[in-house]
Amino acid sequence: EGFDWLFQHEFAHEYFGNQLTAANWDDYWLHEGYGTYMQPLYGRWREGEARYATMLADERGKIANLRPIISGKVRTEEEVYEVDKGGPGQDIYYKGAWMLHTLRTLIGDRAFRDVTRLAVYGRIDPRPGNFAPRYGSTLEYER
């Protein structure tokens, strides 16, 4: 990649201060999908649109699509990460990132930034001291 992709993925979580997390493991695609999507966005910032497209294509090839990434019920970590326990496995990373890419393409950069701020901070104008730790869900994100 020309950079440490794992460091960059984990840095994406820390950039949001792990503020974007889920109360239910069923919604963990938000946490991991955003972390994974930040990688091609970083590639775009560093090297341009061709790099972004190449990195997204690589992520697309990793989508197994064995089952939906969201079940709509309370799940444990194992029920999400382990395919043999009925979970979507690695799709929470790659399919989650592609869902975010699709959304950004449909609504544009400005609206996507607003959606991301709402998901992370619960408001579109976060400033130090005007937001608190929170848990997000897929239903909230859809709203």
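Gly-96 sits in helix α5, where helices are DSSP runs of H or I with at least four residues, strands are runs of E with at least two, and numbering starts from the N terminus. The exercises below start from this glycine and then move outward.

The structure is a predicted model, in which local features need pLDDT of at least 70 and side-chain atom pairs count only at pLDDT 80 or more, while totals for chains, interfaces and linings use all residues. Residues are numbered from 1 along each chain as its sequence is written, and side-chain values use heavy atoms, with hydrogens and water left out.

**Exercise 1. Describe the surroundings of Gly-96: is it buried or exposed, and which residues does it touch?**

Step 1. The relative accessibility of Gly-96 is 0%, and this residue therefore counts as buried; buried means under 20% relative accessible area, exposed over 50%, and partly exposed in between, with a 1.4 Å probe and protein chains only.

Step 2. Once residues up to four places away in sequence are set aside, Gly-96 touches Trp-29, Gly-33, Ile-69 and Asp-91, a contact being heavy atoms within 4.5 Å.

Step 3. For a distance across the fold, take Arg-60, which is 36 residues from Gly-96 along the chain; the two C-alpha atoms are separated by 10 Å.

**Exercise 2. Work out the span of helix α5, and find which of its residues are buried and what they pack against.**

Step 1. Helix α5 has 17 residues, and at 1.5 Å a residue it should span 24 Å, because the expected span is 1.5 Å times one less than the number of residues. The end C-alpha atoms of α5 are 23 Å apart, which agrees.

Step 2. The buried residues of α5 are Asp-91, Ile-92, Tyr-93, Tyr-94, Gly-96, Ala-97, Leu-100, His-101 and Arg-104. When reading such a list, recall that an α-helix has 3.6 residues a turn, so residues three or four places apart point the same way.

Step 3. These buried residues pack against α1, α2, α3, α4, α6 (109-121) and α7 (138-142).

Step 4. Just after α5, the chain reaches Gly-108, whose phi is positive at about 95 degrees.

**Exercise 3. Locate Asn-65, and state what its phi angle is and which residues it contacts.**

Step 1. Asn-65 belongs to the loop between α3 and α4, and its phi is near 55 degrees, a positive value in a residue other than glycine.

Step 2. Apart from neighbours within four places in sequence, Asn-65 is in contact with Asp-91 and Lys-95. Asp-91 also appears among the residues that Gly-96 touches.

**Exercise 4. Find how many salt bridges the whole structure holds, and examine the pair formed by Asp-26 and Arg-75.**

Step 1. A salt bridge is a side-chain nitrogen of Lys or Arg within 4 Å of a carboxyl oxygen of Asp or Glu, and a search of the whole structure finds ten.

Step 2. In the bridge of Asp-26 with Arg-75, the closest N and O atoms are 3.4 Å apart. Asp-26 lies in the loop between α1 and α2 (29-47) and Arg-75 in the loop between α3 (49-60) and α4 (77-81), so the pair ties together parts that are 49 residues apart in sequence.

Step 3. Asp-26 is buried, with a relative accessible area of 2%, and Arg-75 is buried too, at 9%.

Step 4. Set beside this the bridge of Glu-49 with Arg-44, whose closest N and O atoms are 2.6 Å apart; Glu-49 is partly exposed at 48% relative accessibility, and Arg-44 is partly exposed at 27%.

Step 5. Another bridge joins Asp-58 to Lys-62, with 3.3 Å between the closest N and O atoms; Asp-58 is partly exposed at 38%, as is Lys-62 at 40%. In addition, a network of salt bridges links Arg-46, Glu-47 and Arg-51.

**Exercise 5. Judge the confidence of the model: which elements have the lowest and the highest mean pLDDT?**

Step 1. The protein averages a pLDDT of 92, and 99% of the residues score at least 70, pLDDT being the predictor's confidence in each residue, from 0 to 100.

Step 2. Among the elements, α1 has the lowest mean pLDDT (83), whereas helix α5 (residues 91-107) has the highest (97).
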